[in-house]
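The exercises below are worked with the sequence and the 3D structure at hand. Try each task before reading its solution.

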Amino acid sequence: MPASIALNAGESLLVAVDFRLAEFSEQHVQVSHSSLLAFGNPLFLVGSIAASAALNAARNNAARRAAAPQWRLVAHGVMHVTDLRLGLQTMLGWWDVAYPDIRSMICLDDGVAVFLDARPPLKLVVAWPEYLYVFLNFLAWQRIPRTEALPAVVPPT
């Protein structure tokens, strides 16, 4: 395969694949509160106060869910897998991940979660995450993972 990236001496490009990059993080969410107050009949007054409280509670709950830690898509591009590193070419720029920097990884239904030193977890979203997971295990740690670690391979219980 002709290399579409600059390779180090002795480095080989094994595969290049489209991917999306997600980061596990929290987010700050602004909540707008509103007040509704109706005058006139006392029932209108009580009803408007109750409606305002219910609307604000629903907005607070939605903001809490949106701000909670979760996988958030941050970029997309081409992942270049070499025998020494992952080259992540995204619309935000370039990032090399050397295999010794990978501390752990998990195969998910839609990608591979990669845990690096001193960084939030990253998820590499690809079409066939099981293959990437096995490939990265071999490249990073020279091992083949057990099939129980692969969600698509484990038979349903």
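**Exercise 1. In what order do the elements of the protein run from the N terminus on?**

Solution. The model is a predicted one, in which local features need pLDDT of at least 70, side-chain atom pairs count only at pLDDT 80 or more, and totals for chains, interfaces and linings use all residues. Residues are numbered from 1 along each chain as its sequence is written, and side-chain values use heavy atoms, with hydrogens and water left out.

Step 1. Set the rule: helices (H or I, at least four residues) and strands (E, at least two) are DSSP runs, numbered from the N terminus.

Step 2. Read off the order, which is β-α-β-β-β-β-β-β-α.

Step 3. Check the totals: the protein has two helices and seven strands.

**Exercise 2. State what share of the protein is buried and what share of its contacts joins residues at least 24 apart.**

Solution. Step 1. Buried means under 20% relative accessible area, exposed means over 50%, and partly exposed lies in between (1.4 Å probe, protein chains only). Of the 157 residues, 31% count as buried.

Step 2. A contact means heavy atoms within 4.5 Å. Among contacts between residues at least 6 apart in sequence, 52% join residues at least 24 apart.

**Exercise 3. Compare the expected and the modelled span of helix 2, then list its buried residues and what covers them.**

Solution. Step 1. The expected span of a helix is 1.5 Å times one less than its number of residues. Helix 2 (residues 129-141) has 13 residues and should therefore span 18 Å; its end C-alpha atoms are 18 Å apart, which agrees.

Step 2. The buried residues in helix 2 are P129, E130, L132, Y133, L136, N137, L139 and A140.

Step 3. Their cover includes strand 1, strand 2, strand 3, strand 5 (102-107), strand 6 and strand 7.

Step 4. Look past the end of the helix: Q142 lies in the segment after helix 2. Its phi is positive, about 50 degrees, although Q142 is not a glycine. With 59% relative accessibility, Q142 counts as exposed.

**Exercise 4. Find the aromatic pairs and classify each one.**

Solution. Step 1. A pair of aromatic rings is described by the distance of the centres and the angle of the planes. Rings of Phe, Tyr and Trp (its six-membered ring) pair if their centres lie within 6.5 Å; planes under 30 degrees apart count as stacked, over 60 as edge-to-face and the rest as tilted.

Step 2. This rule gives two aromatic pairs. F24 and W71 form an edge-to-face pair, at 5.3 Å centre to centre and with 70 degrees between the planes. Because F24 lies in strand 1 (residues 13-25) and W71 in strand 2 (residues 70-82), the pair ties together parts that are 47 residues apart in sequence. F24 is partly exposed at a relative accessible area of 35%, and W71 is partly exposed at 28% relative accessibility.

Step 3. The ring centres of W128 and Y131 are 5.9 Å apart and their planes stand at 70 degrees, so this pair is edge-to-face. Both W128 and Y131 are exposed.

**Exercise 5. Describe the largest pocket and the largest cavity by volume and lining.**

Solution. Step 1. On a 1 Å grid over the protein atoms alone, a cavity is a set of points where a 1.4 Å probe fits but cannot get out, whereas a pocket is an open set with protein on both sides within 12 Å along at least five of seven lines; lining residues have an atom within 4 Å of a point. Grid points are joined across faces, edges and corners, and a volume is the space filled by probe spheres set on the points.

Step 2. The largest pocket has a volume of about 160 Å³. Its lining consists of V15, V17, M79, V81, V126, A127, W128, Y131, L132 and F135. Helix 2 gives the largest share, three residues.

Step 3. Ala, Val, Leu, Ile, Met, Phe, Trp, Tyr, Cys and Pro count as nonpolar, Asp, Glu, Lys and Arg as charged, and the others, Gly among them, as polar. The pocket lining has ten nonpolar, no polar and no charged residues.

Step 4. There is one cavity of 30 Å³ or more, and the largest cavity holds about 30 Å³. L86, L88, V97, V114, L116, L122 and L124 line the largest cavity. Strand 3 (85-90), strand 6 (111-116) and strand 7 (122-125) each supply at least two residues of that lining, which has seven nonpolar, no polar and no charged residues.
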